[in-house]
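Here's a quick briefing on a few helices and how two of them meet. Have a look at the model first, then read on.

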Amino acid sequence: MRIPRSAVVGSAAIAAVLIGMLIAFPISTAKSATAPGQGAGQKAAAKGHEAGGIDPRIIERGKQTFAMYCANCHGTDAKGDGLAGQNLPIKPQNLTEGRIVNALPDHFLHSIIAHGGQAVGLSPLMPNFTPFLSDVQIREVIAYVRTLAEPAYDPAKVLPVATTRQGPVQPIFFSHVIHAGSYQIACQYCHANARRSNTAGIPSVERCMGCHKIVAAEGNPEVKKIHEYWERKEPIPWLRIFKVPEHAQFTHKPHVQAGVQCQTCHGRIEAMEQVAAVTGQSIVNDLQNLAGIPNKPPKLTMGWCIECHRTQNATRGTRAPLDCVTCHH
């Protein structure tokens, strides 16, 4: 029986695809296990993390690199008391202070070491070490520093800081990761109107200067901008991120007093270097509703608010109103 030429060509194409998959599979597996530039030490580190620890050889190499490049400023015990850092206007960070360092993810610390403090809004007095240290060496230093933290470092409590910043660039690089995440400054310390007013409010320049008249008063260009606004008696022109429609009235006060966390509406602000928000009506959501497809309403829409009120009433016994005139009056 003669086999049609099209069938032969089709079979050959299928065979070629299958062979290609068999060849590519082990390659792709290797890439997922070991990123470019990683060696046996990094493989061991990955296995160590999975097992709840880390290869002591990596820790030792990180310790040696730290002693050579970091101890001059941060001190031999990493407590920020190195000889070269004593006369700096901003004291080097005490890297053993777990309550400050533990919340910061590895890629955030990596960026500071590789590109300098200014890469994350901190002082450029912390220089970039890219010309001197490889990515592997930086990872080893971070692994070593993690072992010094008191209280001990817990990977489960690391902030989910995105590797790519979203949202508009503000006139001053104010990082919520540093202020609210690392130093754990309460939201209402800066947004003091939230518990007693309709709006949460933006902190005044005076409120910023309450800290930065002393903290990092010299040595950080971003803090210098705050001083310049203060001296000119001008408000900082922050770009607005969150806003409900004009026909809707929203009051922060009853929500805060009811114990609603800021993150419920605003997301994990403490994990944002630049604040971003994806809220409001969506054409995709509207089409799904018309088609009868079950879907959750986008944040800060009327459906989302009503759903939240119903949930709070059912689970916490609150009296969150469902009347139209509550928000539309």
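Gly317 comes right after helix 15 and has a positive phi, near 70 degrees. Keep in mind that this is a predicted model, where local features need pLDDT of at least 70, side-chain atom pairs count only at pLDDT 80 or more, and totals for chains, interfaces and linings use all residues. Residues are numbered from 1 along each chain as its sequence is written, and side-chain values use heavy atoms, with hydrogens and water left out.

**Helix 15**
- Helix 15 covers residues 302–316, and at 1.5 Å a residue its 15 residues should span 21 Å, which agrees with end C-alpha atoms 21 Å apart.
- That expected span is 1.5 Å times one less than the number of residues.

**Helix 10 against helix 11**
- Helix 10 (residues 205–212) packs on helix 11 (residues 221–232) at about 130 degrees, with the axes 10 Å apart.
- The two are therefore oblique to each other (not under 35, over 145 or 65 to 115 degrees).
- Their crossing is left-handed (the near helix is turned anticlockwise from the far one by less than a right angle).
- Helix 10 brings Val205, Glu206, Cys208, Met209 and His212 to the contact, while helix 11 brings Val223, Ile226, His227, Tyr229 and Trp230 (contact means heavy atoms within 4.5 Å).

**Ile226**
- Ile226, in helix 11, counts as buried at 7% relative accessibility (the cut-off is under 20% relative accessible area, with a 1.4 Å probe and protein chains only).
- Leaving out residues up to four places away in sequence, Ile226 touches Ile172, Val205, Cys208, Met209 and His212.
- Ile226 and His212 are 14 residues apart along the chain, with their C-alpha atoms separated by 8.2 Å.

How values were computed. Axes are lines fitted to C-alpha atoms, for helices over the stretch in contact, and angles run from 0 to 180 degrees between N-to-C directions. Helices (H or I, at least four residues) and strands (E, at least two) are DSSP runs, numbered from the N terminus. Buried means under 20% relative accessible area, exposed over 50%, partly exposed in between (1.4 Å probe, protein chains only).
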